[in-house]
Amino acid sequence: MAYRVEISRRAQRDFINIFDTINAEQSPASARWFVGLEDAVMGLAAAPRSGSPTHEDPALRHLIHGNKPHFYRIVYKIDNSDRVVKIMQIRHGRRQAFR
């Protein structure tokens, strides 16, 4: 049975900022990349454990999308009792650790 994906307000802002930063509205290649990011997030519904535990907090997991040096960490937690994957934040891979 699939999990439900919930996106925090912070992660929603991250999506908007990433979309704007990569100029996805004007660049077909960037738009395709962005759709891939969205697909990676929504794919966690079927495979919530596909990401690895974070080194900052073992209760959190992260999934990497993209290739160095242009990669993003999708930081999330799993609630098994409610079958929910909560997307906490989407960060550029070169930013400091999640807080």
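How many residues lie between E3 and E4 in the hairpin they form? The model shown here is a predicted one, and in it the hairpin of E3 and E4 has 2 residues between its strands. The two strands pair in the antiparallel sense over 7 bridges. One residue pair within this arrangement is Ile64 with its bridge partner Arg73 in E4.

The other strand pairings can be followed outward from this hairpin. On one side, strand E3, residues 61-67, is joined by 2 bridges to strand E2, residues 52-53, and these two run antiparallel. Here Pro53 has Arg61 of E3 as its bridge partner. On the E4 side, E4 and E5 pair in the antiparallel sense over 8 bridges. Arg73, already named as the partner of Ile64, has Arg91 as its bridge partner in E5. Strand E5 in turn is joined to E1 by 4 bridges, and E1 and E5 run parallel. Arg4 stands opposite Val84 in E5.

How much of E5 is buried? Of its 9 residues, 7 are buried, so the strand is largely enclosed by the rest of the structure. Strand E4 holds Val75, which counts as buried at 0% relative accessibility. The C-alpha atom of Val75 is separated by 9.7 Å from that of Ser52, a residue 23 places away along the chain.

The hairpin of E4 and E5 has 4 residues between the strands, and Arg83 takes a positive phi near 55° there. Arg83 is not a glycine and is found in the loop between E4 and E5. With a relative accessible area of 28%, Arg83 is partly exposed. A second non-glycine residue with a positive phi is Asn23, whose value is near 60°. Asn23 has its place in the loop between H1 and H2 and is partly exposed, with a relative accessible area of 40%.

Next come the helices, beginning with H2. At 1.5 Å a residue, its 16 residues should span 22 Å, and the end C-alpha atoms are 22 Å apart, which agrees. The buried residues in H2 are Ser30, Phe34, Leu37 and Val41. Where do they sit around the helix? Seen down the axis of H2, the buried residues fall within an arc of 50°, so they line one face of the helix. The face turned away from that side carries the exposed residues Pro28, Arg32 and Asp39. What covers the buried residues of H2 includes strand E1 (4-7), H1, E3, E4 and E5.

Part of the contact between H1 and H2 can be described through aromatic rings. A search of the whole structure finds 3 aromatic pairs. One of them is Phe15 with Phe34, an edge-to-face pair at 5.8 Å centre to centre with 75° between the planes. Phe15 lies in helix H1 and Phe34 in helix H2, so the pair ties together parts that are 19 residues apart in sequence. Phe19 and Phe34 also form an edge-to-face pair, with 5.1 Å centre to centre and 75° between the planes. Because Phe19 lies in helix H1 and Phe34 in helix H2, this pair ties together parts 15 residues apart in sequence. Ring pairs thus link Phe15, Phe19 and Phe34 into a cluster. Are its members buried or exposed? Phe15 and Phe34 are both buried, and for Phe34 the relative accessible area is 7%. Phe19 is partly exposed, with a relative accessible area of 26%.

The helices and strands come together in the nonpolar core. In soluble globular proteins, nonpolar side chains tend to be buried together. The largest nonpolar core in this model has 18 residues, and those with the most contacts inside it are Leu37, Val41, Leu44, Ile74, Val85, Ile87 and Ile90. Two or more residues of this core come from each of helix H1 (9-21), helix H2 (28-43), strand E4 (70-79) and strand E5 (84-92). Which residues does Leu44 touch, leaving out those up to four places away in sequence? Its contacts are Val5, Ser50, Leu63, Ile74, Tyr76, Val85 and Ile87.

Notes
Residues numbered from 1 in each chain as written. Predicted model: local features only at pLDDT ≥ 70, side-chain atom pairs only at ≥ 80, totals over all residues. Heavy atoms only, no water. Core = buried A, V, L, I, M, F, W, Y, C linked by side-chain atoms within 4.5 Å. Buried < 20%, exposed > 50% of the residue type's maximum accessible area, 1.4 Å probe, protein only. Contact = heavy atoms within 4.5 Å. Phe/Tyr/Trp six-rings, centres within 6.5 Å; stacked < 30°, edge-to-face > 60°. Pairing = 2+ DSSP bridges. Expected span 1.5 Å × (residues − 1). Arc of directions from axis to C-beta.
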